[in-house]
There are 2 protein chains.
Amino acid sequence: MTILLVKSGGPGAIEEWRAAFATVRPDLDVRWWDDPSVDPLAVRYALVWAPEPGRLKTYPNLRLVISSGAGVDHLAGDTMLPDVPIVRLGAPEAVWRMREYVALSVLHLHRLWHRFAANQRARVWDELPNPEAPERRVGVMGLGQLGAAALDALRPFGFPLSGWSRSPKALPGVRCFADMRGLKPFLAQCDILVCLLPATPETNGILNAETFAALPRGASVVNAARGSLLVEADLLAALDSGHLEAAVLDVFETEPLPPDSPLWLHPCITITPHVASFPGRPARARFAAEVITAFEAGRALPNLFDPKRGY
Amino acid sequence: MTILLVKSGGPGAIEEWRAAFATVRPDLDVRWWDDPSVDPLAVRYALVWAPEPGRLKTYPNLRLVISSGAGVDHLAGDTMLPDVPIVRLGAPEAVWRMREYVALSVLHLHRLWHRFAANQRARVWDELPNPEAPERRVGVMGLGQLGAAALDALRPFGFPLSGWSRSPKALPGVRCFADMRGLKPFLAQCDILVCLLPATPETNGILNAETFAALPRGASVVNAARGSLLVEADLLAALDSGHLEAAVLDVFETEPLPPDSPLWLHPCITITPHVASFPGRPARARFAAEVITAFEAGRALPNLFDPKRGY
């Protein structure tokens, strides 16, 4: 029996993983990462999120690693990765999930649901009049596949849309800005800023005090990219000074977000646990099963990680 | 000077109303409802929400009443309404606001943001895997202008859509059910139920224990119609038994929602203060100014209230 070892979602998730794989690859023996009855020699495939460094190296017959998330930065700390193909999650559902997440976050901030939530806890009934969509300018940083899909999801609501990217792009109905010279003019016209940039040395800490100061007073921010892009202390300062209105955060400098983080209980911050573009387990199992089947058939693998490029 | 008397939004709102009217009808003297310096004889127009019964009758030269909301049920208790035209708010922005509200509510429930909000308060990091949009069936009760617009807003997200109405309707990409015989088959396939029905004797209490029992286990409910449609005690029972997952409520049996209502602090209920389709004050001022100008020019008035029909 071929073993697929899973580290994703906590020990309680293994039954759901088994059920998901049963419908697409019932021949696989799907086991939890810390199952003591696993024979290390029988492990052929691993579907993982943030495995302990060195652990994958302990399975001599491991042939293929599949990341349970879109990024592979959670594997970067492992200097003893086995010399086998590593595939990034590429389920098409991930793009759909991000469309939903961006539309939900922007509408949440636009309609002041962060304030209604605080009012609900205080049993306060207050209509809080607020601008219509044509007076709420939404800007997206990062105009790749996810950024373009997010803008598609926002377009029908009538928000004036803009976008910013390193290299010039053109998107229908979107005012496009590019490179560092275009950054401040872009920010100056964003009432809601959505960050979907990739994590690179250039984007590290790009959501900082200077960036927030360039936004109009009362602007709000969504970070659904990577935690390394946001300087959390600068965000807290901009919220507490009243310059920024609110933030929706899906990613953090440290994940899981530590219990003592001041972000948790800040009244202007809405937190989700790195799920923005996360497909459900059935969708991820479908993708992993397709990759394993392609590997066994000797076909080319999608989304292959290239350690030299870093993604 | 022609006085426009305003009762909408609380005494603090009058400056915002004045600013809004200043851009469209600067000649009007816009006064707050309880302004002691108002000369009752100079009041020609009233823009009101839930005025005290009998009060409108005290302005002998009142020529026109405009409701500050889409409904006129807030005027129904006044048996001494003056014999002047009464116009329902008909700002086109109201339909756009409802599109936003329904998309926001459905995405909020679909992505389990009610649970993430509770987890945030408890500083709990848990991904809570959940189904993709194609596995989340959304049904809308009421297929008039608002229902059709709401379904348009949901369509791009890939939810399987259905609708229910008293008389048979056909909408593209929507599985349509009609009349009381179609109600239970409709409910049986709704993972998220959105109520946009008008308040009539037939719809009174239609969201009750029997309706909830006909929904699949784990379903969620949005009421953005009128509070009279929902039996609040039945909703609480269905949530507490675990049959229903969550609810988003914009309207209530009593408004403002009384401070001692058990709805306020229920962890599965998201509350907004009757703002689903509420346009901002500038949009309402634009509409009211257009109605007043049409009235003065002797032109036909839009959205005229007919006391015989009741709307």
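Select chains A and B together: 57 residues of chain A are in contact (heavy atoms within 4.5 Å) with 58 residues of chain B. This is a predicted model, in which local features need pLDDT of at least 70 and side-chain atom pairs count only at pLDDT 80 or more, while totals for chains, interfaces and linings use all residues. Residues are numbered from 1 along each chain as its sequence is written, chains are lettered from A in the order in which they are written, and side-chain values use heavy atoms, with hydrogens and water left out.

Next, look at how the copies are related. Chain A superposes on chain B, with an RMSD of 0.1 Å, after a rotation of 180° and 0.0 Å of shift along the axis; the fit is by least squares on the C-alpha atoms of residues with pLDDT of at least 70 in both copies. That is the relation of a two-fold axis. To find the axis from chain A, select A:Leu104, whose C-alpha is the nearest to it in that chain, at 2.9 Å. Both copies use the same surface, since 100% of the contact residues of chain A recur in chain B.

Now show the surface. The two chains bury about 5,100 Å² between them, 62% of it on carbon and sulfur atoms; buried area is the accessible area (1.4 Å probe) that two parts lose on being put together, summed over both. Select A:Arg111, A:Trp113 and A:Trp125, which supply 18% of the area that chain A buries against chain B, more than any other three residues.

Keep A:Arg111 and add B:Glu100. These two form a salt bridge, with the closest N and O atoms 3.0 Å apart. The rule (a side-chain nitrogen of Lys or Arg within 4 Å of a carboxyl oxygen of Asp or Glu) finds three salt bridges across this interface.

Colour chain A by element, helices (H or I, at least four residues) and strands (E, at least two) being DSSP runs numbered from the N terminus. The elements giving two or more residues to the side that touches chain B are α2 (93-110), α3 (113-121), β12 (269-271) and α8 (281-296) of chain A. Of these, α2(A) gives the most, with twelve residues.

Finish on chain B with helix α3, residues 113-121. Its buried residues (under 20% relative accessible area, 1.4 Å probe, protein chains only) are B:Trp113, B:His114, B:Phe116, B:Asn119 and B:Gln120. The buried residues of α3(B) pack against α2, β11 (244-249) and β12 of chain A, and also against α2, β11 and β12 of chain B. Just after α3(B), select B:Arg123, which takes a positive phi of about 55°.

Terms used: Buried < 20%, exposed > 50% of the residue type's maximum accessible area, 1.4 Å probe, protein only.
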